[in-house]
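Reader: I would like to learn how to read a model with two chains, taking one feature at a time. Could you give the general idea first and then the case at hand?

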Amino acid sequence: MSIDTETARRVAKLARIAVPDENLPKLAEDLSGILDFMEQLNEVDVDGVEPMTSVTPMRLKRREDVVTDGDQQPAVLANAPDAREGFFAVPKVVE
Amino acid sequence: MSELTKLTIADARDKLAAKEITAVELTQSCLDAIEAADALGAFVHKTPEVALDQAKAADARIASGTAAPMTGIPLGIKDLFCTKGVNSQAASAILDGFKPEYESTITQQLFDAGAVMLGKLNMDEFAMGSSNETSTYGNAVNPWRRGNDDTALTPGGSSGGSASAVSADLCLGATGTDTGGSIRQPAAFTGIVGLKPTYGRCSRWGVVAFASSLDQAGPMVKSVRDAAIMGAAMMGHDPKDSTSADLPVPDFEAMLTGDIKGKVIGIPKEYRMDGMPDEIETLWADGAAMLKDAGAELRDISLPHTKYALPAYYVIAPAEASSNLARYDGVRFGHRAKLSQGDGINEMYEKTRAEGFGPEVQRRVMIGTYVLSAGFYDAYYNRARKVRALIKKDFEDVFASGVDAILTPATPSAAFGLGEMADADPVQMYLNDVFTVTVNLAGLPGISVPTGVDRQGLPLGLQLIGQPWEEGDLLNTAYALENAAGFMEKPQRWW
């Protein structure tokens, strides 16, 4: 499976990582190399095999659906690049 | 340089208990050693005030007769662990300046046991790498060199700073994390012991996530006994991690008898790789002979899907990483790119992530995005998860047939030079994990034990793989191997 520069551009967009045009061919080449390596998986007979969902089979624990924590606004915002009036601030989202 | 920093955790514990030394003396010796070792690039955030405060508290606790085994033991903490009020950046520029408001469960447990934090340790960015060369802090350097050659070598990765610090006697032990071999490979490259526990043994809460179904923390230390002591202090059930196992943690140290008579040790034929250096082959055969001499029975075994472990891993780990790393968006913590006039929220995400993530992290996030995208999910991600199920079954079959542990090389080579892989394609670097990655895919415990040196005087390690939750038995087998190998070499100090 080889990835062309258009696919690389699309993947970068989906991953929300800005990649300058001049870097796309190299990115496409790198990703193609890795995907070629993964092609080996097609040699394996996986008929009837369930995809693994949990490496150590265990029942997920349950707890009461109650509030256990809260009132941490200053701590939650402490590391924000831009926090104003108790909120995270971001560029305009809706025109 | 003080000899105190060379102590094992077990010896330091005994000397502290006997009042031969104090935690403050021991901690100060480590802090002095760290100050003199900047050339190793191991400690990236030093916390001497925290350390001395904790050491004073430890001395008081020892005096009051309520000490735990880790009380007063100075440790380095991998930068992947969130430590309250102390920079925790996963060696990434995207977490520049991040100081958590909370403490990871593992560091909290270690501090509750009285351990001392000397500082934070270098690593590959987001634990993605096998040479510590992807770190935003620059390289960590291996204290070992090839004879008199002064080429700087990698300490391995991703827990490269942890390995370098323990090997160079800057601390008595360090925390590491292991997603595909990131404890065991660096331990082997630096002549120390590294334990990756069973998936679910150590809480992942507060440990920056890379691939959540594979990540597991563990101790990196100078002896198998220390792995038993520090490992037990790190493990245990945590309600804050839904995959944390609600099982008691046994007294591993008490299980170190060195008696492995009648134990069955599997030697998997698939780990005999084409082009494997003779020295690794010999090391492995010697290790097997040592276990046999100690009374174990050797058995040739087959793990037929071994070959597919690396490609499956390099689908699953990036897929999980692309999801986990979606949180680094420039909104809640860490770096946000400077925006141009008219930039909206998408430009903010894209520029922030392009500036904050290094090339290897970007590559893996994009691979993960691709294998999870519509049209490829079944072909890559689901297929890889099916292959993973088969890899796990390989191990289950072998254990069900009566095998107690499996012996393999830890790495396909000794430590290589920093920069030597710069021109190789990414897959070449991934091959470092060829012997370790199966263990993460199957969720098993694995330990790397130094057992010899190569022609150039560099340490080499063997890996033992155990049954789920049987760390005690695994540690005892490793203890027998350690005793038989009698590895005593230390790096010559040049830093």
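Author: We can begin with the sheet of chain B, bearing in mind that this is a predicted model. Eleven strands of chain B make up an open sheet with mixed pairing, and their order is β1-β3-β2-β4-β6-β5-β10-β11-β9-β7-β8.

Reader: Which are the edge strands of this sheet?

Author: They are β1 (43-46) and β8 (297-301) of chain B, each of which pairs on one side only. Across the sheet, neighbouring strands are turned by 30° against each other on average, with direction ignored.

Reader: How should I read the pairing of individual strands, and what joins β2 to β3 in chain B?

Author: The general idea is that strands of a sheet pair through backbone hydrogen bonds, either parallel or antiparallel. In chain B, strand β2 (residues 74-78) and strand β3 (residues 116-121) run parallel and are joined by five bridges. To locate this pairing in the structure, look for L75(B), which stands opposite M117(B) in β3(B).

Reader: In which sense does β9(B) pair with β7(B), and in which sense with β11(B)?

Author: With strand β7 (residues 264-268) of chain B, β9(B) pairs in the parallel sense over two bridges, and here G266(B) stands opposite I406(B) of β9(B). With strand β11 (residues 459-466) of chain B, β9(B) pairs in the antiparallel sense over five bridges, where L462(B) in β11(B) is the bridge partner of P409(B).

Reader: Is strand β9 of chain B mostly covered or open?

Author: Strand β9 (residues 405-409) of chain B is mostly covered, since five of its five residues are buried. In a regular strand the side chains alternate between the two faces of the sheet.

Reader: Which strands do helices α3 and α5 of chain B lie across?

Author: Helix α3 (residues 48-63) of chain B lies across β1, β2 and β3 of chain B, and runs at about 155° to β3(B). Helix α5 (residues 160-167) of chain B lies across β1, β2, β3, β4 (173-178) and β6 (216-221) of chain B, running at about 155° to β4(B).

Reader: How many residues of helix α7 of chain B are buried?

Author: A general point helps first: an α-helix has 3.6 residues a turn, so residues three or four places apart point the same way. In helix α7 (residues 224-234) of chain B, eleven of its eleven residues are buried, and among them are the charged-type names R225(B) and D226(B) as well as I229(B) and M234(B). Just after α7(B), G236(B) takes a positive phi of about 125°.

Reader: Turning to chain A, what is its secondary structure, and what is its radius of gyration?

Author: Chain A has three helices and two strands, which run α-α-α-β-β from the N terminus on. Its radius of gyration is 22 Å, whereas a compact globule of 95 residues would have one near 12 Å. The C-alpha atoms of chain A fill a box of roughly 55 × 45 × 25 Å along the principal axes, and 18% of its 95 residues count as buried.

Reader: How many residues of chain A are in contact with chain B, and which element of chain A gives the most?

Author: In all, 38 residues of chain A are in contact with 56 residues of chain B. The elements that give two or more residues to this side of chain A are α1 (5-14) and α2 (24-38) of chain A, and α2(A) gives the most, with six residues. By class, the side of chain A that touches chain B has 28 nonpolar, four polar and six charged residues.

Definitions and conventions. Residues numbered from 1 in each chain as written. Chains lettered and ligands numbered in written order. Predicted model: local features only at pLDDT ≥ 70, side-chain atom pairs only at ≥ 80, totals over all residues. Contact = placed C-beta atoms within 7 Å. Helix = DSSP H or I, 4+ residues; strand = E, 2+ residues; numbered from the N terminus. Pairing = 2+ DSSP bridges. Axes fitted to C-alpha atoms, helices over the stretch in contact; angles between N-to-C directions. Buried ≥ 20, exposed ≤ 12 C-beta atoms within 10 Å, placed from the backbone. Rg over C-alpha atoms; globule rule 2.2 N^0.38 Å.
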